[in-house]
Amino acid sequence: KPKKTRNASSMVDLRVEAPDIYRYEQVFTTRLKKDLDRQIEDGSINDLSFVSACDDFFQRTSFLFNNLYEVETTEKKATNEDRLVDVLLSIIVSFQTTGNKALFEIYANTLRELHESMRNFLELGYSLMLHADSLGWSNKTLKVIGSLPSETETTRHFGLLQKAKDIFSGVGFYGKCAEISGKLAESQRTTFYNIPALCDELKLQAQYYKNIIQADTIYPKR
């Protein structure tokens, strides 16, 4: 019997609506499970903790595939935004937990594009930081993702943090600007050993703290 999942408005048949997703889901949640059940029945597998872990894997995999389908098919509009964000975050956490950096990047960027299209600037800044925090400072070349070009990991990391800082500055969220300047300053101090760039970033961080004092809105009085 074909698996079914639900998008924002109705029940759908993955076999008909999303044959590629359905085919992969069958490999993970049907064929592997049948093979496991057969080995349990003939006594080849009798470790109950292993069986329990496999059952958990099958359930989480099925849930992931359904979420992937929902993201790909649900119309990107304001009335669906909250649901799409919830599903995307679930997917991102799943790939983050399993260490799949390539797919994590793809869906972190999808979340960024959603917030950008909806002009949710504060959430956009956070999504940029989420993506940036998954990156290191290597010269490894990363693939094109959405509007992001092929570039080194360092270039992408810097670019995402700088964009997040600009967005937070635009909405007056200077506490986050100072936090990002701190991250950039630390990279200059411990990775690139660029003292002039370190000094410039620390000056910017100091200015953000001054902005906080003047605005008197970011940190509540105690």
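These legends accompany close-up views of a predicted model.

**View 1. The largest pocket and the residues around its centre.** Rolling a probe the size of a water molecule over the atoms reveals where empty space remains. Here, the largest pocket has a volume of about 430 Å³. Its lining is made of 18 residues, and those nearest the centre are R60, T61, L64, S94 and T98. If you would like to sort the lining by character, it divides into 10 nonpolar, 7 polar and 1 charged.

**View 2. Helices that line the largest pocket.** Which helix gives the most to this lining? It is α3, with 8 residues. Helix α3 spans 48-73, and α2 (19-41) and α4 (81-98) join it in supplying at least two residues each.

**View 3. A salt bridge within helix α3.** Side chains of opposite charge can pair when their charged atoms come close. In this view, D56 and R60 meet through their side chains in a salt bridge, at 2.8 Å from N to O. Both residues belong to helix α3 and sit 4 residues apart, about one turn of the helix. You have already met R60 as one of the residues nearest the centre of the largest pocket. The structure as a whole holds 16 salt bridges.

**View 4. The second largest pocket.** This pocket holds about 220 Å³ of space. It is lined by 14 residues, with K101, A102, E105, L142 and K143 closest to its centre. Two or more residues of the lining come from each of α5 (101-118), β3 (141-142) and α7 (153-170). The largest share belongs to α5, which contributes 4 residues. How do the lining residues divide into nonpolar, polar and charged, and what are the counts? There are 6 nonpolar, 2 polar and 6 charged.

**View 5. A nonpolar patch on the surface.** Take a look at Y24, V27, F28, L32 and F57, which make a nonpolar surface patch of about 420 Å². Helix α2 gives the most to the patch, with 4 residues. V27 is found in this helix, and α2 also helps to line the largest pocket.

**View 6. A cluster of aromatic rings.** A pair of aromatic rings is described by how far apart the centres are and by the angle of the planes. In this close-up, ring pairs link Y126, F168 and F173 into a cluster. For the wider picture, a search of the whole structure finds 8 aromatic pairs.

Notes
Residues are numbered from 1 along each chain as its sequence is written. This is a predicted model: local features need pLDDT of at least 70, side-chain atom pairs count only at pLDDT 80 or more; totals for chains, interfaces and linings use all residues. Side-chain values use heavy atoms; hydrogens and water are left out. On a 1 Å grid over the protein atoms alone, a cavity is a set of points where a 1.4 Å probe fits but cannot get out, and a pocket is an open set with protein on both sides within 12 Å along at least five of seven lines; lining residues have an atom within 4 Å of a point. Grid points are joined across faces, edges and corners, and a volume is the space filled by probe spheres set on the points. Ala, Val, Leu, Ile, Met, Phe, Trp, Tyr, Cys and Pro count as nonpolar, Asp, Glu, Lys and Arg as charged, and the others, Gly among them, as polar. Rings of Phe, Tyr and Trp (its six-membered ring) pair if their centres lie within 6.5 Å; planes under 30 degrees apart count as stacked, over 60 as edge-to-face and the rest as tilted. Patches are made of residues with over 30% relative accessible area and no salt bridge: like charges are joined within 9 Å, nonpolar side chains (Val, Leu, Ile, Met, Phe, Trp, Tyr) within 5 Å. Accessible areas come from the Shrake-Rupley method with a 1.4 Å probe; for residues, only the protein chains shown count as cover. A salt bridge is a side-chain nitrogen of Lys or Arg within 4 Å of a carboxyl oxygen of Asp or Glu.
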